[in-house]
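Work through the exercises below with the coordinates loaded. Each task is followed by a stepwise solution.

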Amino acid sequence: MRNRSFVFFVFLLLPFFQGRAQVVVQDSVRSGSLIKKMIIPAVLIGTGVMISNSRFEKKFQDKVRNMTGDSFNPGIDDYLRSVPVAEMYIADLAGLKSRNHWFDQTKYLLISNILTTGITSRLKRWTSKTRPDGDARSFPSGHATFAFTNATVLYNEFRDSEPLLAYSGFVVAGATASLRVMKNKHWLSDVLAGAGIGIGITDLVYYFHPLQQFNPFKKEKGMVLVPQVGNGNLGFYFSCVF
């Protein structure tokens with residue numbers, strides 16, 4: 001089962017990035033950089049796979065629940081996972097220097113989440129791991145994947161200009177993952193693997209820059225597109241000056 005999951009993970013990415021594969025092979029400096037970027041995600045995913053369904057994991061879960069109690073079930077983790085996205089757009093509105101134009105940020109955010117969500121959803125069906133509370137489809141954690149995907153986008157955009165802001169997303173993502181374990185919704189291996197997928201795939205997206213030239217707003221200074229959240233609804237404010 002684990003071998004099939006790994007094969008699926010590799011082949012899902014190949015068509016998406018095959019157009020730049022030769023460039024990566026020829027450029028040893030960039031290849032070395034990519035390898036370094038993949039170390040942490042590989043360790044997280046590998047650790048998650050190794051401890052999944054282990055005695056250690058079950059004892060760890062029992063200790064966590066003994067500390068929190070069976071009634072511990074806050075819903076804040078559903079909102080925390082989106083905080084890095086809000087941080088990024090608020091920073092844009094505040095005029096903080098970012099790596100990319102807001103449209104490119106949104107583009108890479110969407111591509112990263114589409115890929116990570118697709119991989120996580122497929123792995124959930126393939127592994128059919130039972131959650132600590134008895135529900136199905138535990139491995140990997142969708143909340144952790146989503147949170148760390150968003151956190152990695154924030155990090156890539158502001159790591160050079162606003163390091164505290166850049167790293168804050170990982171603090172929020174870590175809190176999200178911790179709450180999933182504390183609420184008995186996921187095992188430790190689930191959130192570790194989800195974090196690895198979120199970080200790894202997003203770093204790959206930023207490394208290869210898919211659709212790099214596609215930005216209809218970059219040269220249009222009179223256009224503004226701002227995400228808006230209110231009354232339980234998510235939308236966008238668009239303004240164009242002719």
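D70 is exposed, at a relative accessible area of 70%; exposed means over 50%, buried under 20%, and partly exposed in between, with a 1.4 Å probe and protein chains only. The model is predicted: local features need pLDDT of at least 70, side-chain atom pairs count only at pLDDT 80 or more, and totals for chains, interfaces and linings use all residues. Residues are numbered from 1 along each chain as its sequence is written, and side-chain values use heavy atoms, with hydrogens and water left out.

**Exercise 1.** Find which residue forms a salt bridge with D70, and classify it as buried or exposed.

Step 1. Apply the criterion: a side-chain nitrogen of Lys or Arg within 4 Å of a carboxyl oxygen of Asp or Glu.
Step 2. R65 meets it, with its closest N and O atoms 3.8 Å from each other.
Step 3. R65 has a relative accessible area of 12%, so it is buried.

**Exercise 2.** Locate the salt bridge between K183 and D77 in the fold.

Step 1. The N to O distance for the two side chains is 2.9 Å.
Step 2. K183 sits in the loop between α9 (163-182) and α10, and D77 in helix α5 (residues 77-80), so the pair ties together parts 106 residues apart in sequence. Helices here are DSSP runs (H or I, at least four residues), numbered from the N terminus.
Step 3. K183 and D77 are both buried.

**Exercise 3.** Relate the salt bridge of K107 and D104 to the helix that holds them.

Step 1. The closest N and O atoms of K107 and D104 are 2.9 Å apart.
Step 2. Both belong to helix α7 (residues 102-127); three residues apart, they are separated by about one helical turn.
Step 3. An α-helix has 3.6 residues a turn, so residues three or four places apart point the same way.
Step 4. K107 is buried at 8% relative accessible area, and D104 is buried at 5%.

**Exercise 4.** Check the length of helix α10 (residues 188-208) and state how enclosed it is.

Step 1. The expected span is 1.5 Å times one less than the number of residues.
Step 2. For the 21 residues of α10 this gives 30 Å, and the end C-alpha atoms lie 31 Å apart, which agrees.
Step 3. Of the 21 residues of α10, 21 are buried, so the helix is largely enclosed by the rest of the structure.
Step 4. H209 follows α10 and has a positive phi, near 50°.

Note on methods. Helices (H or I, at least four residues) and strands (E, at least two) are DSSP runs, numbered from the N terminus.
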